[in-house]
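Here are my notes after a first pass through this one, as numbered points. Have the viewer open while you read.

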Amino acid sequence: MFFGLFGESEEIIGVDIGTRSIKLVQLKLVRGEYHLVNLGIGQLPAEAIVDHTIMDSAAVAQCIRNLVESQSVTTKNVATSVSGHSVIIRNIFMPMMTNEEIEASIEWEAEQYIPFEISDVNLDFQVLGPDPKDPSQTKVLLVAAKKDFIDDYLSVFNECGLNPVIMDIDGFALENVYQANYQQEGDIVALIDIGANTMTINILQDGRSVFTRDIQVGGNMFNEEIQKRLGVNSDEAELAKLGGSIDEIHPQILNDIISDAMDHLSQEIQRSLDFFAATSSDQKVGRVYLSGGVVKTPGLVNILQKRLGTPVEIMNPLRNVSIDSSKFDVEYVESVSPFLAIGVGLAMRRLGDK
Ligand SMILES: Nc1ncnc2c1ncn2[C@@H]1O[C@H](COP(=O)(O)OP(=O)(O)OP(=O)(O)O)[C@@H](O)[C@H]1O
Ligand SMILES: [Mg+2]
């Protein structure tokens, strides 16, 4: 958990505010097993969120309110997350010292890594352990986000009468959901969430994050290509992409555009994994877990697997979560599960987590 806030009751809802839709997830932990309590996805109007910045807070608040009401959610505590270029995540090295000492010097230390005024950012850190190459140094994960950016998210929840108690980072929520559902030892794995606007990559070694990166490519890139090459508007492009028939669009041409976009996406992923290999004494990612709406694009898993030469699978964020079939349409839940990775990771947070 980053940017810890305060709350009272134990219950929490995970709310993932995406560019295209907001996902609400609530879980209950009973004797060590998670149960699904609530689940809702609400579409956002275009331009309500642009590059992760809330442009239309009334529309975002309305979407959250609708989700809370339609699911009859009574819990007020919220775990949410942010990503994008207003959030900076860095591994830094500091001389061995206690947590208190790090706390005291982190601001000063952070100044050299952060392109914003230090007084304008919220800072947090996590000690990752001694530097294997130089045991006199300790590796620290530094997270910084602009205060006004975070405040916009917080005030949207306040506007809905909700109480944001945990402000996380998308990549770490992904790590959390992976840890709860999959084995953690052995391989190096890459968790990749591909949403409408952003692709979040988090590489884990022995279950711990060693590389994170956000890249501004996603489903919108597919739409922009379709718009550009076929002269349609963005709604028509989205409809055509999702299989709706649009007059005058030849399916073969559409398939070619989608296939080019998938190639571009795969290239970006390969570039990041190559960069990771080059900067980590040639250690290689052994498996890739995908999430986010774009992974529903037919053929993407195969294309990626071929290009990377690495096994690729779609992550099931509810793999270890029990779903009551008398309360939920299990088929529907399965079909939307790729969208839910970050929301489920958030819902698994507990007050006091760090
Ligand atoms: N069946 C499908 N085939 C291809 N693409 C799809 C499909 N369903 C949804 N998408 C795309 O997935 C994207 C939405 O995914 P998701 O909900 O994970 O994004 P988001 O969380 O709203 O955005 P971001 O995380 O980038 O802020 C959209 O671009 C949408 O067009
Ligand atoms: Mg998303």
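1. Let's start with helix 5 (219–230), bearing in mind that this is a predicted model. With 12 residues at 1.5 Å a residue, helix 5 should span 16 Å, and the 17 Å between its end C-alpha atoms agrees with that. Its buried residues are G219, N220, F222, N223 and I226. Those residues take up an arc of only 155 degrees around the axis, so they sit on the same side of helix 5. Helix 6 and helix 7 (251–279) are among the elements that cover them. Just past the end of helix 5, G231 has a positive phi of about 65 degrees.

2. Next, the ligand. The shell around ligand 1 holds 20 residues, and the closest are G18, R20, G195, G219 and G293. Note that G219 is also one of the buried residues of helix 5. Helix 5 and helix 6 (234–241) each put at least two residues into this shell. By class, the shell has 12 polar, four nonpolar and four charged residues.

3. Where does ligand 1 lie relative to domain 1 and domain 2? Both domains give residues to its shell, so ligand 1 lies between them. The domain assignment puts 1–86, 147–182 and 316–354 in domain 1, and 184–314 in domain 2.

4. On the domain contact itself: the C-alpha centres of the two domains are 22 Å apart. Across the boundary, 20 residues of domain 1 are in contact with 22 residues of domain 2. On the domain 1 side, helix 4 (170–181) and helix 10 (341–347) each supply at least two residues. Helix 4 makes the largest contribution to that side, with seven residues. Sorted by class, the side of domain 1 that touches domain 2 has 10 nonpolar, six polar and four charged residues.

5. Helix 3 is worth the same sort of check. Its 13 residues (147–159) should span 18 Å at 1.5 Å a residue, and its end C-alpha atoms are indeed 18 Å apart. Which residues of helix 3 are buried? They are F149, Y153, V156 and F157. Viewed down the axis, these buried residues fall within an arc of 100 degrees, so they line one face of helix 3. D148 and D151, on the other side of helix 3, are exposed.

6. As for what packs over that face, the cover on the buried residues of helix 3 includes helix 1 (57–70) along with several strands. Among those strands are strand 1 (13–17), strand 6 (77–82), strand 9 (134–146) and strand 10 (163–169). Right after helix 3, G161 takes a positive phi of about 75 degrees.

7. Last, two backbone angles to look at in the viewer. E47 is not a glycine, yet its phi is positive, about 75 degrees. E47 belongs to the loop between strand 3 (33–43) and strand 4 (49–50). Is E47 buried or exposed? With 11 other C-beta atoms within 10 Å, E47 counts as exposed, because the cut-off for that class is 12 or fewer.

8. D206 is the other one: again not a glycine, with a positive phi of about 50 degrees. D206 sits in the loop that links strand 12 (199–205) and strand 13 (208–215). D206 has 11 other C-beta atoms within 10 Å, which makes it exposed.

Key
Residues are numbered from 1 along each chain as its sequence is written. Chains are lettered from A and ligands numbered from 1 in the order in which they are written. This is a predicted model: local features need pLDDT of at least 70, side-chain atom pairs count only at pLDDT 80 or more; totals for chains, interfaces and linings use all residues. Helices (H or I, at least four residues) and strands (E, at least two) are DSSP runs, numbered from the N terminus. The expected span of a helix is 1.5 Å times one less than its number of residues. A residue is buried if 20 or more other C-beta atoms lie within 10 Å of its own, exposed if 12 or fewer, and partly exposed in between; C-beta atoms are placed from the backbone. The arc is that of the directions from the helix axis to the C-beta atoms. Two residues are in contact if their C-beta atoms, placed from the backbone, lie within 7 Å. Domain bounds come from an automatic or database domain assignment. Ala, Val, Leu, Ile, Met, Phe, Trp, Tyr, Cys and Pro count as nonpolar, Asp, Glu, Lys and Arg as charged, and the others, Gly among them, as polar. A residue is near a molecule or strand if its C-beta atom, placed from the backbone, lies within 6 Å of it.
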